[in-house]
Amino acid sequence: MFTHAIVRTPGPNITEGITSASLGKPDYALALQQHAAYVAALQACGLEVTVLEAAPAFPDAGFVEDTAVLARRVAVITRPGAPSRQGEEISVAEALRAFYHPDQMHCIAAPGTLEGGDVMRVEDHFYVGLSSRTNAEGARQLIAFLDRHGYSGSTVAMQEMLHLKTGLAYLENNRLLTAGEFIRHPLFAYFNTIPIEPQEAYAANCIYVNGVVLVPTGYPGVQAKIEAAGLRTLAVDTSEFRKLDGGLSCLSLRF
Ligand code: CIR
C-alpha cells in the first residue's frame with residue numbers, strides 16, 4: 001500500500017530533454033496539463049502527493065523516478081547515468097529527509113551509476129536492469145544497501161530498452177506486464193506474464209497504485225488485457241512525456 005508520492009513540475013526547458021524518439025518536441029502547456037492530471041490520478045488512488053518545484057537546470061528532472069529507489073525501510077538516492085541528469089537527485093534527497101531517518105538513507109557513489117527506472121520491485125525483491133544508465137557497480141551498491149535493510153536484489157542483463165521498466169511492470173499477485181526483450185526472458189518465466197504487442201510496447205510502462213493500474217491513454221489492447229486479468233485501470237495521457245522516452249512510472253516516486 002502506497003501513501004505518498006513525489007513528483008516534480010516540468011520546467012519550460014522540457015523541450016531540451018534527452019530523447020531517442022522521433023515524435024517532435026513536447027508542447028510545454030500540454031505537458032503541464034498532463035502532469036496536473038497525473039497528480040490528480042495519484043491522489044484519486046489515495047496518495048498524498050509532494051510536488052517539487054521545476055528545476056530549470058535539468059530538462060529531464062520531471063522524471064523523478066530515476067533519482068531514488070524507495071521502500072518502507074530504506075531510501076537510496078541514485079547517481080544517474082546520463083551526465084546531464086546528475087544533480088537532479090539533490091533536491092529529491094532533501095524532500096525525502098521529511099520521510100526517512102538518516103540511518104535509512106544511502107547514496108550511490110561514483111563510479112556507480114543507477115537510475116530508478118531500472119529497478120522493479122516485486123514484494124521485497126528488487127530486479128535491477130543493467131542498462132546504458134545503470135552499471136554493475138551501481139547495481140552492486142544498491143543491492144548491498146537493500147540487503148542491510150532486509151530486502152534482496154538481483155541484476156537483469158538487457159540490451160534493447162532504455163530502462164528495465166520501459167518493458168516491464170509488476171501488477172501484484174505474480175502478474176507481470178512484459179514487452180519486447182522481456183517477453184520470453186527466462187528470469188521472468190515464473191510470473192503470470194501479460195505480453196504486449198510491439199505496436200503498444202510503450203504501454204508496458206504502467207503503474208499499480210493501491211489496486212488500480214494507471215495506463216497511458218491510447219493503448220486499448222493493453223488496457224483490455226489488464227482488465228481481463230481482473231484489474232481496474234485508469235487512463236492518463238502522457239503523450240508529451242513519451243516524446244522524451246518518459247512514461248507513467250518515470251513521473252513519480254511512490255512509497
Ligand atoms: C531520459 O532519457 O533520461 C529521459 N528523457 C526519460 C527518462 C525516463 N525515465 C524512466 O523511464 N524511468
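The largest pocket in this predicted model has a volume of about 880 Å³. Its lining takes in 37 residues, and the ones nearest the centre are Phe-2, Leu-70, Arg-121, Arg-254 and Phe-255. Sort the lining of the largest pocket by class and you get 21 nonpolar, seven polar and nine charged residues.

Which strands each supply at least two residues of that lining? They are strand 3 (68–70), strand 6 (119–122), strand 9 (168–170), strand 12 (207–209) and strand 15 (253–254). Strand 6 gives the most to the lining of the largest pocket, with four residues.

Next comes the second largest pocket, with about 410 Å³ of space. It is lined by 24 residues, and Met-161, Thr-166, Ala-201, Tyr-202 and Asp-245 are the ones that lie nearest its centre. The class split for the lining of the second largest pocket is eight nonpolar, nine polar and seven charged.

Now for the cavities. The structure holds two of 30 Å³ or more. The largest cavity contains about 120 Å³ of space, and this is where the ligand sits. Of the 13 residues that line the largest cavity, Arg-85, Leu-162, His-163, Leu-244 and Asp-245 lie nearest its centre. Asp-245 also turns up among the residues nearest the centre of the second largest pocket. By class, the lining of the largest cavity divides into five nonpolar, three polar and five charged residues.

The second largest cavity has a volume of about 30 Å³. Pro-10, Ile-14, Pro-59, Asp-60, Gly-62, Phe-63, Phe-241 and Leu-251 make up its lining. Six of these lining residues are nonpolar, one is polar and one is charged.

Back to the ligand, then. What surrounds it? The shell is made of Ile-18, Asp-60, Phe-63, Glu-65, Asp-66, Arg-85, Gly-117, Arg-133, His-163, Leu-244, Asp-245 and Cys-250. That shell divides into four nonpolar, two polar and six charged residues. Two of its members, Asp-60 and Phe-63, also help line the second largest cavity. Arg-85, His-163, Leu-244 and Asp-245 are in the shell too, and they are among the residues nearest the centre of the largest cavity.

Three side chains in the shell have a polar atom placed against a polar atom of the ligand, as the table lays out.

| Side chain | Ligand atom | Distance |
|---|---|---|
| Asp-60 | nitrogen | 2.8 Å |
| Asp-66 | nitrogen | 2.9 Å |
| His-163 | oxygen | 2.9 Å |

So to speak of cover: taken alone, the ligand exposes 340 Å², and the protein buries 98% of that.

Two bits of backbone are also worth a look while you have the structure open. Where is the cis peptide bond with omega near 5°? It runs from Ala-110 to Pro-111. Pro-111 has its place in the loop between strand 5 (105–107) and strand 6, and strand 6 is the one that gives the most to the lining of the largest pocket.

The other spot is Asn-173, whose phi is near 50°, a positive value in a residue other than glycine. You'll find Asn-173 in the loop between strand 9 and strand 10 (175–178). Strand 9 is another of the strands that supply at least two residues of the lining of the largest pocket.

Technical notes. Residues numbered from 1 in each chain as written. Predicted model: local features only at pLDDT ≥ 70, side-chain atom pairs only at ≥ 80, totals over all residues. Heavy atoms only, no water. Near = heavy atom within 4 Å. Polar contact = N/O pair within 3.5 Å; in protein donor to acceptor, adjacent residues only side chain to side chain. Areas by Shrake-Rupley, 256 points an atom, 1.4 Å probe, with all protein chains shown as cover. 1 Å grid on protein atoms, 1.4 Å probe; cavity = no way out; pocket = protein on both sides within 12 Å on 5 of 7 lines; lining within 4 Å. Sits in = over half its atoms within 2 Å of the grid points. Nonpolar A, V, L, I, M, F, W, Y, C, P; charged D, E, K, R; others polar. Points joined across faces, edges and corners; volume = space filled by probe spheres on them.
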